[in-house]
Amino acid sequence: MDGPEIEVRRSKRRRRTVSAYRDGDRIIVMIPAAMSQREEAEWVEQMVARLEKAERRRKPSDDDLMRRSAALSDQYFGGLAKPHSVRWVDNQNSRWGSCTPGDRSIRLSDRLRGMPAWVVDYVLVHELAHLFEAKHNEAFWAWVDRYPQAERAKGYLAGWSAAAKLPAPPGEDDDVDEEIDQVD
């Protein structure tokens, strides 16, 4: 099978609108009952293409992540943050992303797929900043806060974590508190 299974549902109540959505591995296309077979074929092709394009936008590939991280590095770090790899992973259930500065690799949790682009961008900026500062210290947050939607994204992720009953993402005071505790 070349593409997804497509199910066409005709509705007598539907007069002019056509819609499509994904249901598991199938794409459901809703059309008016009075539509001709030729019109149906044209609309199905058009709606499947639209749906798949929207899904690609919401779920970027590893290559898309790498390109996006390069653009964010240019915009917020003057091109100084240069990861060797950026990829999606499915084994991060308590983190949104991680960075290994030694090999300059960045990994983003699959849980971010489908979230708004500005949230994914925030996590990329956060992990890019780790290429300069390993800890969540004042210098680190100065880099991250160059991203104008940083606070909004932190709130979004904190809310998502609370709703999913997961630990909150790291806060600005995490490493600072640890350092203070060690001094005392």
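Let's start with F140 and W141, and with a question: are F140 and W141 buried or exposed? Both of them are buried. Please keep in mind, as we go, that this is a predicted model.

Now for the aromatic rings as a group. How many aromatic pairs does the structure hold? There are seven. Take F77 and F132, whose ring centres are 5.6 Å apart; their planes stand at 65°, and because angles over 60 degrees count that way, the pair is edge-to-face. F77 sits in helix α2, while F132 belongs to the loop between α3 and α4, so this pair links distant parts of the chain, 55 residues apart. The two partners do not have matching surroundings: F77 is buried, at 2% relative accessibility, whereas F132 is partly exposed, at 27%. Our opening residues come back here, since F140 and W141 form an edge-to-face pair too, with 4.9 Å from centre to centre and 80° between the planes. There is also a cluster to look for on the screen: ring pairs connect F77, F132 and W143.

Staying with rings for a moment, let's bring in some arginines. R111 lies over the face of W96, 4.1 Å from the ring centre. In a similar spirit, R152 is placed over the face of W118, and here the distance to the ring centre is 3.8 Å.

R152 and W118 lead us nicely to the helices. Which residues of α3 meet α5? They are W118, V119, Y122 and V123, and on the α5 side the partners are A150, R152, A153, K154, Y156 and L157. How do these helices pack? The angle between α3 and α5, the latter covering residues 150-163, is about 105°, and their axes are 9 Å apart. Since angles from 65 to 115 degrees count as roughly perpendicular, that is the word for α3 and α5.

Next, the charged side chains. As a reminder, side chains of opposite charge can pair when their charged atoms come close. How many salt bridges does the count come to? The count is 10 salt bridges, and I'd like to show you three of them.

One is R67 with D64, where the closest N and O atoms are 2.4 Å apart. Why do R67 and D64 suit each other in position? Both are in helix α2, residues 62-77, and because they are three residues apart there, about one helical turn separates them. R67 is exposed, with a relative accessible area of 53%, while D64 is partly exposed at 29%.

Another joins D121 and R68, at 2.7 Å from N to O. D121 lies in helix α3, residues 117-129, and R68 lies in α2, so this salt bridge ties together parts that are 53 residues apart in sequence. D121 is buried, with a relative accessible area of 9%, and R68 is partly exposed at 33%. Elsewhere, salt bridges with shared partners join E7, R9, D23 and R26 into one network.

From that network, let me pick out R9 and E7, whose side chains meet in a salt bridge at 2.7 Å, N to O. R9 is partly exposed, at 30% relative accessibility, and E7 is partly exposed as well, with 22%.

To wrap up, if you want two spots to find on the model, try F77 with F132, the ring pair linking distant parts of the chain, and then D121 with R68, the salt bridge between α3 and α2. Thanks for listening!

Note on methods: Residues numbered from 1 in each chain as written. Predicted model: local features only at pLDDT ≥ 70, side-chain atom pairs only at ≥ 80, totals over all residues. Heavy atoms only, no water. Salt bridge = Lys/Arg side-chain N within 4 Å of Asp/Glu carboxyl O. Buried < 20%, exposed > 50% of the residue type's maximum accessible area, 1.4 Å probe, protein only. Helix = DSSP H or I, 4+ residues; strand = E, 2+ residues; numbered from the N terminus. Phe/Tyr/Trp six-rings, centres within 6.5 Å; stacked < 30°, edge-to-face > 60°. Lys NZ or Arg CZ within 6 Å of the ring centre and 35° of its normal. Axes fitted to C-alpha atoms, helices over the stretch in contact; angles between N-to-C directions. Parallel < 35°, antiparallel > 145°, perpendicular 65-115°, else oblique. Contact = heavy atoms within 4.5 Å.
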